[in-house]
Amino acid sequence: MFLSTTLSQNPRLAEYAVDLHQNGIIRPNTYVLDLDTISENAAKLAETARNHGIKLYMMTKQVGRNPKVAQAVADSIPSAVAVDPWEALHLARAGIPLGHVGHLVQIPSSMVEAILDYQPEVITVFSLAKAREISKAARARHYQQDLLLKVTGEGDLVYEGQWGGFREEEWISAAREIEGMPGVRIAGVTAFPCLLYDGKEIAPTPNFQTLVRAARTLEEALDRPLDQMNAPSATACASLSLLKSMGATHGEPGHALTGTTPLHEHPGQPEQPAIVYISEVSHREGDIAYAYGGGHYRRSRMRQALIGRNLDEMMNRKVPILELSPEVIDYTIGLRVGEMPVEVGETVLFAFRTQIFVTRSEVAVVSGLQAGKPQIQGIYNHLGESLC
C-alpha cells in the first residue's frame, strides 16, 4: 500500500532495512522503524494540534507498544492512549504518562487498581458497573479519577469485536448516577471511529455526530461544560482542522506517526513514511515464491513487494502479492514472481498498514538514518519487550 510512497520519500529506510537483513543483523519477519522520522512526524502533529487548540494522546499499538518509540514521541506528545490495559501498564512502566485508558478495551476488574496507581488522565467506561469499580478503587486512594463515557447512537459504524458503550437513551440517567459516585467525575465523551478516509478525503462518520450530540446533551443535563470530546481515528495533520470545526478537544494519532494512514498512500502529506517490513524468500513452487510471514495484518491492503539482495537491484523486481484469506495463518506470504529467477534467502521488502501488536513479528528501531549515520537502537518483540 505504501511501497511507492516509501521508496520516493524515505529511500534510506528501505535501503538500510535491506542491508540489515542481507548482513544477518535482522531476521525475516521484522519491522524496521525510522525513529528520527517518527519524531519529526510527532513534532509536526503537535505543532498543528496546538495551532488548532487540540490536545493529542499518542497511540503506540501500531508500532508494537514500543517504549523506545514512545519515549521519542513523548518529546512532542507527552502522554499516551492505551488500546488495552496491558499496553497501559507496559507504557507506564517505561515512564510514559497515561493520558487515556479503557478505550477500546475496558480495564479488567483485577487490573483497575494497578491502572489507577499510575493516575491516568481519563478512563473510558462502557457501563455503570465499570464506573463503580473505578469509583471504589479511586476512593480507597483518596483520589478523583476523571472518566469518559463511550457513547453510541442508532446507525453508528461499529467494527466487529468493538461493541459496547452507553446508548442514547441511557446518556442522561447514566451520567447522573456516575456523578453521584464518590471518587469519579465525568470529564467527557468519546466514540470510535469518528473520522475515516473515504477514498478522497478524511470525513466524519455518523459516530462523530453521535459524539457531538452526546456532549451537548450531557452538558445540559449536568449543567456544566465537559473537558473532553475525544474523537479518535484518522488523526493526522490533515484532519486536525476538521476535528476543531466539529468541536472535538482531543485526537489520538497512531498511523500518522509512521505516515501510514490511508491518506498517506498519496504524496504531499506533512508526515513522512517511517516503517517497512522485511522478509526473506523461503521457497518456490512454480510461478509463486513464498516469503516468511508472521507480520501480515488482514486490513493491510498490501499489494506489492520488492525482491533481491540490494535496493538498486530490487527496484526492477517488483511483484504482486498473493492475497491471503482471513481464515488462514500467515506462515508464508505468496509472491507472484512468474518467470523471474528468485533465490532462497533473497530479501523481500514490504510497506503497508499494520498493527504490530497483533502480529508475531520482531521490531528493529533505527536512528540516524536521515543524517547518514544509522544505528540500531534496539530490537524488540511485537509487544515492545526488548530482545537485545
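E280 stands opposite T347 in β19, and that pairing is a good way into this predicted model. Numbering starts at 1 along each chain as the sequence is written. Local features need pLDDT of at least 70 and side-chain atom pairs count only at pLDDT 80 or more, while totals for chains, interfaces and linings use all residues, and side-chain values use heavy atoms, with hydrogens and water left out.

**Strand β14 and its partners**

β14 covers residues 275–285, and 8 of its 11 residues are buried, so the rest of the structure largely encloses it. Buried here is under 20% relative accessible area, exposed is over 50%, and partly exposed is in between (1.4 Å probe, protein chains only). Strands are DSSP runs of E with at least two residues, helices are runs of H or I with at least four, and both are numbered from the N terminus. Two strands count as paired if DSSP finds at least two bridges between them.

| Partner of β14 | Sense | Bridges | Residues that pair up |
|---|---|---|---|
| β1 | antiparallel | 4 bridges | L33 and I275 |
| β15 (residues 288–292) | antiparallel | 4 bridges | V281 and A291 |
| β19 (residues 347–350) | antiparallel | 4 bridges | E280 and T347 |

With β15, β14 makes a hairpin that has 2 residues between the strands. In that turn, G286 takes a positive phi of about 60 degrees.

**Helix α3**

Now for α3, which has 18 residues (35–52). From first C-alpha to last, α3 reaches 26 Å, close to the expected 26 Å; that expected span is 1.5 Å times one less than the number of residues. At the N-terminal end, D34 acts as a cap, with a side-chain oxygen 3.3 Å from the backbone nitrogen of D36. Just past the other end, G53 has a positive phi of about 70 degrees.

Which residues of α3 are buried? They are L35, T37, I38, N41, A42, L45, A46, T48 and A49. An α-helix has 3.6 residues a turn, so residues three or four places apart point the same way. The cover over the buried residues of α3 includes β1 (30–34), β2 (55–56), α4 (67–73), α10 (240–246), β20 (362–367) and β21 (375–381).

**Annotated domains**

UniProt, in an unreviewed entry, lists "domain: Alanine racemase N-terminal" for residues 34–262. That stretch is 37% helix and 19% strand, with its end C-alpha atoms 19 Å apart. UniProt also lists "domain: YhfX-like C-terminal" (unreviewed entry) for residues 276–376. Here the chain is 4% helix and 40% strand, and the end C-alpha atoms lie 15 Å apart. Such annotations may be inferred rather than shown by experiment.

Terms used:
Contact = heavy atoms within 4.5 Å. Polar contact = N/O pair within 3.5 Å; in protein donor to acceptor, adjacent residues only side chain to side chain.
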